[in-house]
Amino acid sequence: MPNLVEVTYHQTGESTKLNDMGMREMQARAYEARNEQYLLLKAPPASGKSRALMFLALDKIHKQGVKKAIIAVPERSIGSSFASTPLSQHGFFTDWVVKPENNLCTPGGDSSKVTAFQNFLKDDSDILICTHATLRFAFEAIEEEALDDCVLAIDEFHHVSADADSKLGFLLRSVMQKSKVHIIAMTGSYFRGDSVPVLLPEDEAKFVKVTYNYYEQLNGYTYMKSLGIGYHFYQRKYLSAIADILDTDKKTILHIPHVRSGESTKEKSNEVDSILDIIGVVQAQDPETGVITVRRHTDGKIIRVADLVHDEPKARDKIVDFLRTIKTPEELDLIIALGMAKEGFDWSFCEHALTVGYRGSLTEIIQIIGRCTRDSPNKSHAQFTNLIAQPDAHDDLVKLAVNNMLKAITCSLLMEQVLAPNFKFKTKLNDDDKAGPGEVKIGGFKEPSSKKLKDIIEQDLNDMKAVILQDDTMLKAIPGNVDPEVINKVLIPKIIKLRYPDLTDDEIETVRQHIVADSVLKSGEFKEDGDRRFIKMAGKFVNIDDLHIDLIDRINPFQSAFEILSKSVTANVLKTIQEAIEATRIVMTPEEAVILWPKVKEFTKIHGNPPDPQSNDALEARMGQALIYIRNQRRQQGV
């Protein structure tokens, strides 16, 4: 199956270039906001968020009167990202120094770490590293005011939740209300997999946001030129497909399925052994590093494998320690993992992230994709492949399989949006109103009327798209069985309203137009003819200078991936997918009926008969259902 997303970058080198203070482009942008009390840094994996935090925290400690910095990470292995670093060697005014006793990302019980946390608040040390869990336990033992002179940095901030049961979310709200603490929140994936907002709107409004997008990061690399995102569907057991999709000439992280998932054999250790047998013959396991050497079946080449699946603590710690010391591509070829090697994990030589089964959230998938998007001399292309069970009409779990497939595809749609350059949209006033560099002029288009709207559009558009693509109703509508105008004018505004309940209808319409226009253009097919650019819409190419919002609203912005899917699976599989969607079809709403009614009349005029609700064509069937709905409404009203 071809890649659903294939993006090529210009290798400008800008995102990895250092300024005279030793800062990359993203880090310098974050440093400009160093005086803010609440700072939210949204930047992709490998952009240097951990070092950006060092610059920010040291400035607050040495120049803003803050006495201490507390850095909380989701798991112990990520703590090494914040180890002592000689920043002054590259021009910064001081170094980042963490005393060994203040690194709490070490083995040991929580009670001793809470004591160490309390001691840190009382002594003259200035930097402490701990896990989210240690922070939560320590918070139970101290008063909020104890953090008055501190900067609290929370890495992988999407672990916070506005949900009432989120302990980390409660902690954050509490210290914001009851202390003078400074907060630096960092994440490469601001949206959560469960669709619960990270922060309540009133809390989020207090944060100054610094955004560095995926396109800026990847376009500014020196070595990596392209990124592909694709899917491979298998029948029966996933192990039967591994040989076809696993290329051991590529540096690969292979995530096997969760034990509780339908794809798993429930015997994870046996799965690892089977994968090794598929590759070749195991030769030995290094007693010092834990690396397994395998002689490849095809040519006898030695493949070096790290097993992060087995649970034995000493063996796990041994291989994890080895992974932290890797300096060259030749030291390792393959990592087999289950719950590890995701967020915060750094193996820059990774070329291919191969994941079996749909993972539980967009956040998790995006974190996995980030493992292969580091810039490294050994690769020009990075690839993410999701190996997914092909829906079988005779399987009792067919609905689950279809749902997983749709969620996986929507993830690629989201990544297509975040990996591409942003457009600057302006209202086209007349035929002589030409677009400037980087601009797109659209007739009938609404521009933001306030700073709040401008901030949402400039900083939160991809987050809003993630919410839209995780919505269950949208999931059923995207494959093309709902009219595009219903998607764009009915479903999307409802989701925006839930995310921003204080926006007026006119403000929602402004945000909606930007989301739809940006989505349509980013997924569109472009071609150039001289100095004119054309985009393919509704099967024909349209001059980009002649765009109108009414034309854009007639396009399903998310359908391109499903068109590729329909060409890549058998007719029976496609029929199974459609039938599973049909079984859970969204109900007809008055708003949808209003939009479909003119199309029903046009269809009847063209074909000489009304649309058939039983038609094999999904859109004709939906128009037929709209006609039935409208007739029923008229009967009830006595019309």
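Okay, a definition to start: two strands pair if DSSP finds at least two bridges between them. Keep that in your head, and remember that what we're looking at is a predicted model.

So, let's use it on strand 8, residues 226-234. On one side there's strand 1, residues 5-8, and those two pair in the antiparallel sense over four bridges. If you want one of those bridges to find on screen, go to Thr 8: its bridge partner in strand 8 is Ser 226. Now look for strand 15, residues 381-389. Strand 8 and strand 15 run parallel, and nine bridges join them. Here you can pick out Gly 228, which stands opposite Gln 383 in strand 15. And how many residues of strand 8 are buried? Eight of the nine, so the strand is mostly covered, with buried meaning under 20% relative accessible area.

Right, on to the empty space. Rolling a probe the size of a water molecule over the atoms shows where empty space is left. I'll talk about the second largest pocket, which has a volume of about 1100 Å³. Its lining takes in 40 residues, and the ones nearest the centre are Asn 213, Asn 422, Ile 457, Glu 458 and Gln 459. Several elements each supply at least two lining residues, among them strand 7 (208-211), strand 16 (424-427) and helix 17 (505-522). Which helix gives the most? That's helix 13, with four residues. As for the mix, the lining has 16 nonpolar, 10 polar and 14 charged residues.

Let's stay with helix 13 and look at Lys 451, which is found there. Is Lys 451 buried or exposed? It's exposed, because its relative accessible area is 62% and the cut-off for exposed is over 50%. The side chain of Lys 451 makes a polar contact of 2.7 Å with the side chain of Asp 455. Then try Ile 606, which is 155 residues away from Lys 451 along the chain: their C-alpha atoms are separated by 47 Å.

Last stop, helix 22, residues 618-637. This one's a nice check you can do yourselves. The helix has 20 residues, and at 1.5 Å a residue it should span 28 Å. In the model its end C-alpha atoms are 29 Å apart, which agrees. Helix 22 also has a set of buried residues, including Ala 618, Glu 620, Arg 622, Met 623, Leu 627, Tyr 629 and Ile 630.

That's me done, thanks!

Note on methods
Residues are numbered from 1 along each chain as its sequence is written. This is a predicted model: local features need pLDDT of at least 70, side-chain atom pairs count only at pLDDT 80 or more; totals for chains, interfaces and linings use all residues. Side-chain values use heavy atoms; hydrogens and water are left out. The expected span of a helix is 1.5 Å times one less than its number of residues. Buried means under 20% relative accessible area, exposed over 50%, partly exposed in between (1.4 Å probe, protein chains only). On a 1 Å grid over the protein atoms alone, a cavity is a set of points where a 1.4 Å probe fits but cannot get out, and a pocket is an open set with protein on both sides within 12 Å along at least five of seven lines; lining residues have an atom within 4 Å of a point. Grid points are joined across faces, edges and corners, and a volume is the space filled by probe spheres set on the points. Ala, Val, Leu, Ile, Met, Phe, Trp, Tyr, Cys and Pro count as nonpolar, Asp, Glu, Lys and Arg as charged, and the others, Gly among them, as polar. A polar contact is a pair of N or O atoms within 3.5 Å; within protein, one must be able to donate a hydrogen and the other to accept it, and residues adjacent in sequence count only if both atoms are side-chain atoms.
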